[in-house]
Every structure is written in structure tokens, then in C-alpha cells.
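Reader: Could you take me on a close look at the place where the two chains meet, along with any empty space around there? I'd love one connected account rather than a list.

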Protein chains: 2
Amino acid sequence: MDRRTFVKTLPALAVAAGASSAFAEDLQPIVLPKPEKDGGKSVLASLWERKTTREIKEDKLPPQVLSNLLWAAFGVNREAGPMGLPGRTAASASNSQEIDIYVALAEGIYLYEAAAHRLAPVAAGDLRVKAAKPGRRSAAVAKAPVSIVFVADLAKYAQAKFQEPGLKDPEIQKSYYDVATGLIAGNVYLFAASQGLGAWFHNCNKPELSAALKLRPEQRVLFAQTVGYPAKG
Amino acid sequence: MDRRTFVKTLPALAVAAGASSAFAEDLQPIVLPKPEKDGGKSVLASLWERKTTREIKEDKLPPQVLSNLLWAAFGVNREAGPMGLPGRTAASASNSQEIDIYVALAEGIYLYEAAAHRLAPVAAGDLRVKAAKPGRRSAAVAKAPVSIVFVADLAKYAQAKFQEPGLKDPEIQKSYYDVATGLIAGNVYLFAASQGLGAWFHNCNKPELSAALKLRPEQRVLFAQTVGYPAKG
């Protein structure tokens, strides 16, 4: 772990936010407020509202909303889950928890550390456009307040305690981590619908994200999901 | 379409339910009550309860609960969705709606027809064990009241109006239909948590299901998800 995990002073953050290719060391971790236990619409009512929203305002999400969003996506919801690991809001094969979610904000890209429920800086600067596949719709992603980037870590499957069938087979691994991505993205869609937020699951700029996030060879950038207040309605 | 879609008399259903290899023609379609608009826990409260539950009672689900479950999974939630098609509770690439959900009940396996919100018979007899991968856990699936079987229909991608990148590439198709499966399964997990039901996403007996469902070459059996009342708590 080569990230600095102590909280830096606010002036350092302000400088980093203005630079387009700053170092992650110039960003401070973001300590998120505790996720709330209730609030918003029921699951059934939210399913009636579920849709893809591509027109999203630039307005930032308040810290509590960002906290609830990331926890809803793939937070820890119980200490004692399967395989001796904490339980998460989304299932994964043998509870391998092979998906990491990276979070692109205006200040930089962060790794969501679920156990500590905080954001660790990975790349400083406004890199939000990389969460979009280049093309006519990338401008909307570049200005939206939050994009979640889904990254599979195949090293997680190597742990011997995981016994799901085919966990060493690349083809089967791919089906597991893509389903795991959908399970997390489904949580995001329903959380967004429950709170009047808009959400949009889409392709992303895989090569540029892989480079910016300095991923290991076992990690694969998969998709992204943009969230914010809907421009309409 | 070689299924009979009119409603047969109840005695015919009773006969079919007792046979282990009856014909789908001996089963009647199941007209589901309209899905409810609200009720159950909030999305946030449900996410705190989200987990995999493998110990499920044999008790049947009441018709309204079965209706809500299948609608929550992948029902129509608005007439005017993207690409000139109805909108669904779960997203799919270019709204291709490439996943069909088949429903294994004690009486047989049915196709969930989302637009009509009903179950069309596909294979008669108690075939629930096929929704499990053979092994020590298959007995639990065989006795649970409902298993949803996820089947991708690659023919859907051939429609020219769908323009998502790579929709003709088999590798990219696979990532799309596996994510789509996860999005639907995520709806099921959260609906179950909101209603005090247990749910379990797992592998299934792909060759036997493919045969029993008489699938076309473009269709792929992917996974299954078992739902019912939890045996504990």
C-alpha cells in the first residue's frame, strides 16, 4: 500500500484539485459519515421508478448521500458473513468480494475501502471523463458529480478457501465478476431511485483508467456507473 | 410459439402436477395478480438485511408475493422505455432485454412473460432440482417453492436498432448478458430482503435445463436464483 492514509491539511487538497495530473499523495482520504439505516422509498416503490438517467446535474452530492450511495453499492452490512469474511450489500461467488469500486470525483479518483467506509486517494485531478467511453456522451459523464468504476481483482479467486465451481477457469471467472458487477450496479440503481437520484450504467475508457489507477496485472476495469441529481423532473 | 396460451381447466393441471415428465400442453398459463405499487422495507433498510439464504422452507409463495417477486426481478415498470420498447425494472445494453426468466415451480417450468405479466408453461412436472448444480446443495433447491432460471437470448442482439458498442462481439455479448443477470438478481435480493424472504443466487444444471426448456441454439442457460421463506428467523 503506497497511499498516504493520514488526513492532510485542506490547503494541500485545494492545490491538488486544481491540477490535472497531480499525485495521489496530494489528496487526502475522505472519511465518510456512517451510512444511514433507513429512509427513502420502499424497494417496490423504487422499482417502479427504476430507469437509466443520462442527463445529470453538475451539483455535488452531500457527504451523507455519497456515503449512503457507496455503502448501498457494496458496503459492509454485517460483520459475520460467509467464509469468515464480513458480509456485503451485494453477493459474490464464495463471498470472494472480487469487485473493487473506484470513485471518480472532481478532485480525483479514490478506492472505496468498505471495511473502514472511507475513500483512499488513488489518482489526483479531475479524471471523471475517463469513466466514459470516448464519444458523444462522454461530456455528460465528465461533469456529473460521481462515477463508480467497477474493477475485478482476479487475485481474489486464488485464495484456497473459495470453492465455487470453476473459480480457476478464466471463462467462469468472467461470468462471476460480471454478475457481481451487475449485483452492485443493481443496488446503485435502486438506491438512486429510492432517493430521487439519477443513475446510468455504461462503458468506460478502460485503457486510460487502467493506467490512471496503476492497476496490477490481475485487475480488470469493467464498466462504470454515473450518479447525480437528474437534470429533469 | 408452440405453447398453448389459453387457460385450461383445473383438473388438467392437477393431473399434470402429479406426473414427472408430462407435456407443457398439460399445464395452464398462470395469470398473476397485478404487482403492488408499494409496501415492505425501504431500499436502505433492505440493504442492511441483504444476504444469501440457502435454508428455505417448502411453503409456497402466495400468488401476490410470486407476482411481486417476478415483476421486481424484470417486470415492465413503464410503457415508454428506451429504443421504443417498454421499460423494465432492470437495465440491459441498449434496452435489448436479452434475459428471459424461466420460473421453476412444483408444477413445472414457466416462461415469465413480462408484458402480459403472466407465466406461460414450458415444461410440466416437478423439475425444480434442475435449477441446482448437481451436488450436496441440490436437495434444498429441489424443495424450495420457486427458482428463477436466467437464460440469455443472443438473437436479441441481432436487432439493428441496438447500437451499444460491441454488440456483435461474442466476448462483449457475454459481459452484457452476465451483467444483465446480476442486475435482475440484485432486484430479487433486495425485494426478498424487503419482504422477509430468503434468496440464493447459484449455479444450475445447464445441460438438463437446456433440454427441458427446448431452447433455441441462440439461447444460453446462465444461473438460477432460489427464493422462499427462510427456514430460520
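Author: Happy to; here is a walk through the contact between the chains, then the open and closed spaces, and finally the salt bridges. Please keep in mind that this is a predicted model.

Let's begin with the extent of the contact. On the chain B side, 51 residues are in contact with 51 residues of chain A. Put together, the two chains bury about 4,100 Å², and 64% of that area is on carbon and sulfur atoms. Within chain B, the residues that lose the most area to chain A are Val43(B), Leu44(B) and Trp48(B), which together make up 19% of what that side buries.

Which elements of chain B supply two or more residues to the side that touches chain A? They are α2 (43-49), α3 (63-74), β2 (76-78) and α5 (170-195) of chain B. Of these, α5(B) gives the most, with 17 residues. Sorted by class, this side of chain B has 21 nonpolar, 16 polar and 14 charged residues.

Charged residues are present there, yet the count of salt bridges between chain B and chain A is zero. Polar contacts are another matter: 18 residue pairs between chain B and chain A make them, counting pairs with both residues at pLDDT 80 or more.

Trp48(B) is a good residue to zoom in on. Trp48(B) sits in helix α2 of chain B and is one of the three residues of chain B that lose the most area to chain A. Leaving aside residues up to four places away in sequence, Trp48(B) touches Pro35(A), Glu36(A), Lys37(A), Trp71(A), Val76(A) and Asn77(A). Within chain B, the C-alpha atoms of Trp48(B) and Leu190(B) are separated by 9.8 Å, although the two residues are 142 residues apart along the chain.

Leu190(B) leads us on to the empty space, as it is among the residues that line the largest cavity. By the rule used here, there is one cavity of 30 Å³ or more, and the largest cavity holds about 30 Å³ of space. Its lining draws on both chains: Thr89(A), Ala90(A), Ala91(A), Leu183(A) and Asn187(A) appear alongside Arg50(B), Gly186(B), Tyr189(B) and Leu190(B). Here α5 of chain A and α5 of chain B each supply at least two residues, with α5(B) giving the most, three residues. The classes in this lining are five nonpolar, three polar and one charged.

The largest pocket, an open space, contains about 1,300 Å³. Its lining counts 49 residues, and those nearest its centre are Thr52(B), Thr53(B), Arg54(B), Arg137(B) and Trp200(B). Both chains take part again: α5 (170-195) of chain A, together with α4 (138-143), α5 and β8 (198-202) of chain B, each supply at least two residues. The largest share, five residues, comes from β8(B). By class, the pocket lining divides into 23 nonpolar, 13 polar and 13 charged residues.

To finish, back to charge pairing. Side chains of opposite charge can pair when their charged atoms come close. Over all chains, the whole structure has 16 salt bridges. One of them joins the side chains of Asp153(A) and Arg216(A), at 3.0 Å from N to O. This pair links distant parts of the chain, 63 residues apart: Asp153(A) lies in strand β7 (residues 146-153) of chain A, and Arg216(A) lies in the loop between α6 (206-212) and β9 (219-228) of chain A.

Conventions: Residues are numbered from 1 along each chain as its sequence is written. Chains are lettered from A and ligands numbered from 1 in the order in which they are written. This is a predicted model: local features need pLDDT of at least 70, side-chain atom pairs count only at pLDDT 80 or more; totals for chains, interfaces and linings use all residues. Side-chain values use heavy atoms; hydrogens and water are left out. Contact means heavy atoms within 4.5 Å. Buried area is the accessible area (1.4 Å probe) that two parts lose on being put together, summed over both. A salt bridge is a side-chain nitrogen of Lys or Arg within 4 Å of a carboxyl oxygen of Asp or Glu. A polar contact is a pair of N or O atoms within 3.5 Å; within protein, one must be able to donate a hydrogen and the other to accept it, and residues adjacent in sequence count only if both atoms are side-chain atoms. Helices (H or I, at least four residues) and strands (E, at least two) are DSSP runs, numbered from the N terminus. Ala, Val, Leu, Ile, Met, Phe, Trp, Tyr, Cys and Pro count as nonpolar, Asp, Glu, Lys and Arg as charged, and the others, Gly among them, as polar. On a 1 Å grid over the protein atoms alone, a cavity is a set of points where a 1.4 Å probe fits but cannot get out, and a pocket is an open set with protein on both sides within 12 Å along at least five of seven lines; lining residues have an atom within 4 Å of a point. Grid points are joined across faces, edges and corners, and a volume is the space filled by probe spheres set on the points.
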